[in-house]
Amino acid sequence: MKKIRKSLEILSPEIMICIASFVVTFSLLLAGIHFFCEQPHQAVLAETQKVSAVTTAAKESPSMIQENIAKNIIRLHVIANSDTDADQQLKLKVRDAIITSLQKAIYQSSSVAKAKEVIQAHQEQIENTAKKTIENLGSSYTVKVSLCPRYFPVKQYGDLCFPAGTYDALCVEIGRAEGRNWWCVLFPSLCFVNETTATVPETSKEKLKECLSEEEYQSLSEEESQSPSEDETKKETKPELHFGILDWLKNL
């Protein structure tokens with residue numbers, strides 16, 4: 001203890017000031033190094049979280065896109081009595097009659113809600129049209145007409161491909177309704193006699209674009225489902241280097 005006191009007495013005020021200045025300067029230096037080391041780490045962390053969020057959203061997008069598309073369209077679903085040639089031909093005649101009777105009113109509908117109102121208001125007319133068509137062809141099948149949700153597989157309409165999923169549909173069940181069925185998009189109007197080779201009119205596409213977002217409409221014309229590319233999921237980031245002295249300084 002005496003030696004320490006003796007050593008302190010030897011130090012002049014000038015030396016003490018120099019030591020104090022050195023301590024303050026060194027502390028500021030350490031603080032600066034800690035700050036600049038922390039910034040790249042936070043930037044990398046933020047970028048990683050951003051990429052993770054994009055990837056998660058991309059994984060959820062196919063089902064979300066289908067659901068959003070389904071909210072804005074109505075499909076027509078006609079089910080034949082059986083798979084005999086006569087019943088299948090009868091189904092197509094009923095389809096044509098219903099499309100003809102509804103086409104103008106549906107086309108003038110400005111939204112899916114308005115289109116549903118038209119269908120509900122004309123439901124009795126639709127049923128009578130189907131029955132009259134069946135009777136004119138010499139059959140006496142019953143007809144059941146309803147507006148309800150139905151599951152549909154992936155379906156191509158000209159150059160547009162609608163994803164599989166549940167959609168609201170005008171359902172027309174003929175007789176026992178045990179035969180092959182036929183479907184199309186009733187609103188916006190995309191119903192064709194031969195839907196596998198038909199070209200979707202530009203007016204119908206414009207109507208569809210008004211009902212859907214750009215992303216949803218774009219998904220209809222893409223063969224592959226949207227998914228994040230390698231460039232999106234593996235964005236270039238600078239590698240995070242670790243040095244013993246820097247890690248020690250960051251933990252101060």
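# Notebook: a central sheet and the helices around it

I began with burial across the whole protein chain, and of its 252 residues 34% count as buried. I note at the outset that this is a predicted model, and that I read every value below as computed from that model. Running along the chain, I find nine helices and six strands. I then looked up how far apart in sequence the contacting residues lie: among contacts between residues at least 6 apart, 72% join residues at least 24 apart. The chain exposes about 16,000 Å², and carbon and sulfur atoms supply 56% of that area.

**Entry on the sheet.** I traced an open sheet of four strands, whose order is E2-E5-E1-E6 and whose pairing is mixed. E2 and E6 stand at the edges with a single partner strand each, so one side of each has no neighbour in the sheet. I also looked up the twist, and neighbouring strands of this sheet are turned by 30° against each other on average, direction ignored. H3 packs on the sheet, where it touches E1, E5 and E6, and the direction of H3 makes about 5° with that of E6.

**Entry on strand E1.** I went next to E1, residues 74-79, and asked myself how many of its six residues are buried. Six of the six are, so the strand is largely enclosed by the rest of the structure. In a regular strand the side chains alternate between the two faces of the sheet. I therefore looked at each face of E1 in turn, and both are covered: Ile 74, Leu 76 and Val 78 are buried on one side, while Arg 75, His 77 and Ile 79 are buried on the other. I record that Arg 75 and His 77 are among the buried residues here.

For the pairing of E1, I found six bridges to strand E6 (residues 181-187), with the two strands running antiparallel, and Ile 79 has Asn 181 as its bridge partner in E6. With E5, E1 pairs in the parallel sense over five bridges. The bridge partner of Arg 75 in E5 is Ala 169, and Val 78 stands opposite Val 172 of that strand.

**Entry on helix H5.** I measured out H5 in the model by its C-alpha ends: its 14 residues, 123-136, reach 20 Å from the first C-alpha to the last, close to the 20 Å expected at 1.5 Å a residue. Which of its residues are buried? I list Ile 126, Thr 129, Ala 130, Thr 133 and Ile 134. They cover an arc of only 130° around the axis, which puts them on the same side of H5. On the other side I find Glu 124, Lys 132, Glu 135 and Asn 136 exposed.

I then looked up what the buried side faces, and its residues pack against helix H3 (85-107), helix H4 (112-121), strand E2 (143-152) and strand E5 (165-174). H5 lies across E2 and E5, running at about 110° to E2. Just after the helix, Gly 138 takes a positive phi of about 85°.

I singled out Thr 129 of H5 for a closer look at its burial. Its relative accessible area is 19%, and because the cut-off for buried is under 20%, Thr 129 falls on the buried side of that limit. Leaving aside neighbours within four places in sequence, Thr 129 is in contact with Ala 97, Ile 98 and Ser 101.

**Entry on helix H6.** In H6, residues 202-211, I find Ser 204, Lys 205, Lys 207, Leu 208 and Cys 211 buried. They cover an arc of only 160° around the axis, which places them on the same side of H6. Glu 202 and Glu 210, on the other side of the helix, are exposed. What covers the buried residues of H6 includes H3, strand E4 (160-162), E6 and helix H7 (214-220).

My last look was at Cys 211, found in H6, which counts as buried at 17% relative accessibility. Not counting residues up to four places away in sequence, Cys 211 touches Asn 72, Phe 187 and Pro 188. I also noted its separation from Ser 110: the two are 101 residues apart in sequence and 8.9 Å apart in space, C-alpha to C-alpha.

Terms used: Residues are numbered from 1 along each chain as its sequence is written. This is a predicted model: local features need pLDDT of at least 70, side-chain atom pairs count only at pLDDT 80 or more; totals for chains, interfaces and linings use all residues. Side-chain values use heavy atoms; hydrogens and water are left out. The expected span of a helix is 1.5 Å times one less than its number of residues. Buried means under 20% relative accessible area, exposed over 50%, partly exposed in between (1.4 Å probe, protein chains only). The arc is that of the directions from the helix axis to the C-beta atoms. Contact means heavy atoms within 4.5 Å. Two strands pair if DSSP finds at least two bridges between them. Accessible areas come from the Shrake-Rupley method with a 1.4 Å probe; for residues, only the protein chains shown count as cover. Axes are lines fitted to C-alpha atoms, for helices over the stretch in contact, and angles run from 0 to 180 degrees between N-to-C directions.
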